[in-house]
Amino acid sequence: MAESGESKENQGGRHQEVGHKSLLQSDALYQYILETSVYPREPEAMKELRELTANHPWNIMTTSADEGQFLNMLLKLINAKNTMEIGVYTGYSLLATALALPEDGKILAMDINRENYELGLPIIQKAGVAHKIDFKEGPALPVLDQMIEDDKFHGTFDFIFVDADKDNYINYHKRLIELVKVGGLIGYDNTLWNGSVVAPPDAPLRKYVRYYRDFVLELNKALAADPRIEICMLPVGDGITLCRRVS
């Protein structure tokens with residue numbers, strides 16, 4: 001499994017512009033998925049936002065196009081209406097969510113950087129879904145703690161997507177499990193973390209990959225042992241673990 005954005009095979013590939021977030025061993029196979037299934041059906045607004053994000057220096061942070069398509073369909077399948085997103089960046093996954101929700105659907109979106117969100121906001125507005133989004137700038141944990149204190153928020157979210165600071169994933173989970181409804185879903189992104197979760201201790205990893213790897217491993221163990229949820233880890237994008245609250 002190649003590290004994100006690092007394989008020689010992948011350099012120059014069209015999807016490399018927004019960061020190679022496939023764990024498939026064949027770049028050609030990933031390109032086939034994108035060109036056959038994803039790009040032809042990608043909404044114009046999402047394509048525009050993806051291409052805008054490709055020019056951003058931190059484009060590796062974006063949700064991959066195939067994962068965006070997956071999230072969009074998943075939200076429709078569960079008839080989600082009230083959702084939350086922690087970690088927004090330029091808003092590709094946020095737009096995928098907003099397009100999937102009904103007209104009166106709501107997304108509480110939180111990120112520490114409003115500037116990145118505002119890069120994609122004109123596209124989200126043009127798509128006619130900005131009214132569904134309540135964006136809050138700043139750390140998510142204090143907001144979650146306030147919601148936990150108010151019983152009216154308990155068990156009210158149909159879907160929650162987390163793509164933020166990996167060193168706080170465990171802290172997010174402790175709170176989100178109270179806020180998602182029984183039968184609702186939490187999606188944790190990057191749970192295969194560039195494939196580093198199976199890398200040997202002496203593997204040559206980039207500093208940020210190595211730093212966050214232990215936090216991702218800790219999360220994966222905790223989710224597998226949590227009796228309040230059913231889980232499914234999917235090798236989509238950089239790995240996404242879906243958690244369905246059962247109690």
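**Reading helix contacts and loop residues in a predicted model**

The axes of helix 7 and helix 8 come within 9 Å of each other and cross at roughly 30 degrees.

User: What should I know before reading such values?

Analyst: This is a predicted model, in which local features need pLDDT of at least 70, side-chain atom pairs count only at pLDDT 80 or more, and totals for chains, interfaces and linings use all residues. Residues are numbered from 1 along each chain as its sequence is written, and side-chain values use heavy atoms, with hydrogens and water left out.

User: How are helices and their axes defined?

Analyst: Helices (H or I, at least four residues) and strands (E, at least two) are DSSP runs, numbered from the N terminus. Axes are lines fitted to C-alpha atoms, for helices over the stretch in contact, and angles run from 0 to 180 degrees between N-to-C directions.

User: How are helix 7 and helix 8 oriented to each other?

Analyst: Angles under 35 degrees count as roughly parallel, over 145 as roughly antiparallel, 65 to 115 as roughly perpendicular and the rest as oblique. Helix 7 and helix 8 are therefore roughly parallel. Contact means heavy atoms within 4.5 Å. Here Tyr169, Ile170 and His173 of helix 7 meet Glu218, Leu219, Ala222 and Leu223 of helix 8. The residues of this contact divide into 5 nonpolar, 1 polar and 1 charged, where Ala, Val, Leu, Ile, Met, Phe, Trp, Tyr, Cys and Pro count as nonpolar, Asp, Glu, Lys and Arg as charged, and the others, Gly among them, as polar.

User: How do helix 2 and helix 4 cross?

Analyst: The axes of helix 2 (residues 44–54) and helix 4 (residues 92–100) cross at roughly 175 degrees and come within 10 Å. These two helices are therefore roughly antiparallel. On the helix 2 side are Ala45, Met46, Leu49 and Arg50, which meet Tyr92, Leu95, Ala96 and Leu99 of helix 4. That contact has 7 nonpolar residues, no polar ones and 1 charged.

User: How do I check the length of helix 8, and where does it kink?

Analyst: The expected span is 1.5 Å times one less than the number of residues. For the 19 residues of helix 8 (residues 207–225) that gives 27 Å, and the end C-alpha atoms are 29 Å apart, which agrees. A kink of about 35 degrees is centred on Arg213; the bend at a residue is the angle between axes fitted to the seven residues ending there and the seven starting there.

User: Which residues of helix 8 are buried?

Analyst: Buried means under 20% relative accessible area, exposed over 50%, and partly exposed in between (1.4 Å probe, protein chains only). An α-helix has 3.6 residues a turn, so residues three or four places apart point the same way. In helix 8, Val209, Arg213, Val216, Leu219, Asn220 and Leu223 are buried. The buried residues of helix 8 pack against helix 7 (169–179), strand 5 (180–189), strand 6 (229–234) and strand 7 (240–245).

User: Which phi values stand out in the loops, and are those residues buried or exposed?

Analyst: Asn79 has a positive phi, near 55 degrees, though not a glycine. Asn79 sits in the loop between helix 3 (65–77) and strand 1 (82–86) and, at 63% relative accessibility, counts as exposed. Asn190, also not a glycine, has a positive phi of about 65 degrees. Asn190 lies in the loop between strand 5 and helix 8 and, at 4% relative accessibility, counts as buried.
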